[in-house]
Amino acid sequence: MHSSKLLGVLICSAALLASCSETSDARRDQTAEAKSTASDDQAIRATNARWLELINKNDVAGIEQLYAEDGVALPPNSKAAVGPKAIGQWWASQMKTPGFAMTFSTDQLVISAMGDMALDRGSYRVSAKGPDGPINDSGKFVVVWRKIDGEWKVAADIFNTDLPAAS
């Protein structure tokens, strides 16, 4: 073989080996990312289940711990509540309503590629006993989660009703 042909074969072989190595590395990265995403998904869903338990127990202090220190709740017909204490006060005011009950479920949960933020979109239902009879509401929410020191915390929580606006 001529040296130029041999050099060409060596270059092609080296390029092929490098691409195989990169593909293998990419597959390992994708597998690790999929495992991380699955565990993060499970962690957020478990925290949502805990959140519902805390609501059912009227555990405001427990709910406060779900939020990041700079977390914000953006309830309808109300000012933003910033920080766990203010958010806890808002939750306490809701849970004081006689017969207050709430449930929610996630329709979509997307973990960021970096694995440090997530988007949780879903629906909720609330019922209570009002002065003029039963209160029933249903609506949708978006929660932005941020991973802080390995733990998922609520960074932003916004929700609004599906009911028509009052006239």
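**Helix α3, its tryptophans and the strands**

Tutor: Contacts between residues 24 or more positions apart make up 49% of those in the protein with a separation of 6 or more. Keep in mind that this is a predicted model.

Student: What is the pattern of helices and strands along the sequence?

Tutor: Reading along the sequence gives α-α-β-β-α-β-β-β-β. That's three helices and six strands.

Student: How many residues does the protein have, and what share of them is buried?

Tutor: There are 167 residues, and 31% of them are buried. As for the surface, the protein exposes about 10,600 Å², with 57% of that supplied by carbon and sulfur atoms.

Student: How do you know what span to expect for helix α3?

Tutor: Take 1.5 Å times one less than the number of residues. Helix α3 covers residues 84-95, twelve in number, and 16 Å is expected. From its first C-alpha to its last, α3 reaches 16 Å, close to that expectation.

Student: Which residues of α3 are buried?

Tutor: Pro84, Ile87, Gly88, Trp90, Trp91 and Met95.

Student: What makes them line one face of the helix?

Tutor: Look down the axis of α3: the buried residues fall within an arc of 160 degrees, so they share one face. Here's the background: an α-helix has 3.6 residues a turn, so residues three or four places apart point the same way. The face of α3 turned away from the buried side carries the exposed residues Lys85 and Gln89.

Student: Why is Trp91 counted as buried?

Tutor: The cut-off for buried is under 20% relative accessible area. Trp91 comes in at 3%, so the label is buried. Trp90 has 15%, which is also under 20%, so Trp90 is buried too.

Student: How many aromatic pairs are there?

Tutor: Eight, when ring centres have to lie within 6.5 Å of each other.

Student: Why is the pair of Trp90 and Trp91 called edge-to-face?

Tutor: That label needs planes over 60 degrees apart. For Trp90 and Trp91 the angle is 80 degrees, and the centres are 5.2 Å apart, so they pair and the pair is edge-to-face.

Student: And why is the pair of Trp90 and Phe159 called tilted?

Tutor: Their ring centres are 5.4 Å apart, within the 6.5 Å limit, so they pair. Their planes stand at 55 degrees, which is neither under 30 nor over 60, so the pair is tilted. Trp90 sits in helix α3 and Phe159 in strand β6 (residues 151-161), 69 residues apart, and the pair links these distant parts of the chain. Both residues are buried. They also belong to one aromatic cluster, whose members include Trp51, Tyr67, Phe104 and Trp145.

Student: How do you know that strand β3 and β4 pair?

Tutor: Pairing takes at least two bridges. Strand β3 (residues 101-111) and β4 have ten, so they pair, and they run antiparallel. One of the partnerships is Ala101 with Ser127 in β4. Their hairpin has five residues between the strands, and Gly115 there takes a positive phi near 75 degrees.

Student: What joins β4 to strand β5?

Tutor: There are 14 bridges between β4 and β5 (residues 133-148), again in the antiparallel sense. Ser123 stands opposite Lys140 in β5, and the hairpin of β4 and β5 has two residues between them.

Student: Which residues are on the covered face of β4?

Tutor: Among them are Ala118, Tyr124 and Val126, while the uncovered face includes Leu119, Arg121 and Lys129.

Notes:
Residues are numbered from 1 along each chain as its sequence is written. This is a predicted model: local features need pLDDT of at least 70, side-chain atom pairs count only at pLDDT 80 or more; totals for chains, interfaces and linings use all residues. Side-chain values use heavy atoms; hydrogens and water are left out. Helices (H or I, at least four residues) and strands (E, at least two) are DSSP runs, numbered from the N terminus. Buried means under 20% relative accessible area, exposed over 50%, partly exposed in between (1.4 Å probe, protein chains only). The arc is that of the directions from the helix axis to the C-beta atoms. Contact means heavy atoms within 4.5 Å. Accessible areas come from the Shrake-Rupley method with a 1.4 Å probe; for residues, only the protein chains shown count as cover. Rings of Phe, Tyr and Trp (its six-membered ring) pair if their centres lie within 6.5 Å; planes under 30 degrees apart count as stacked, over 60 as edge-to-face and the rest as tilted.
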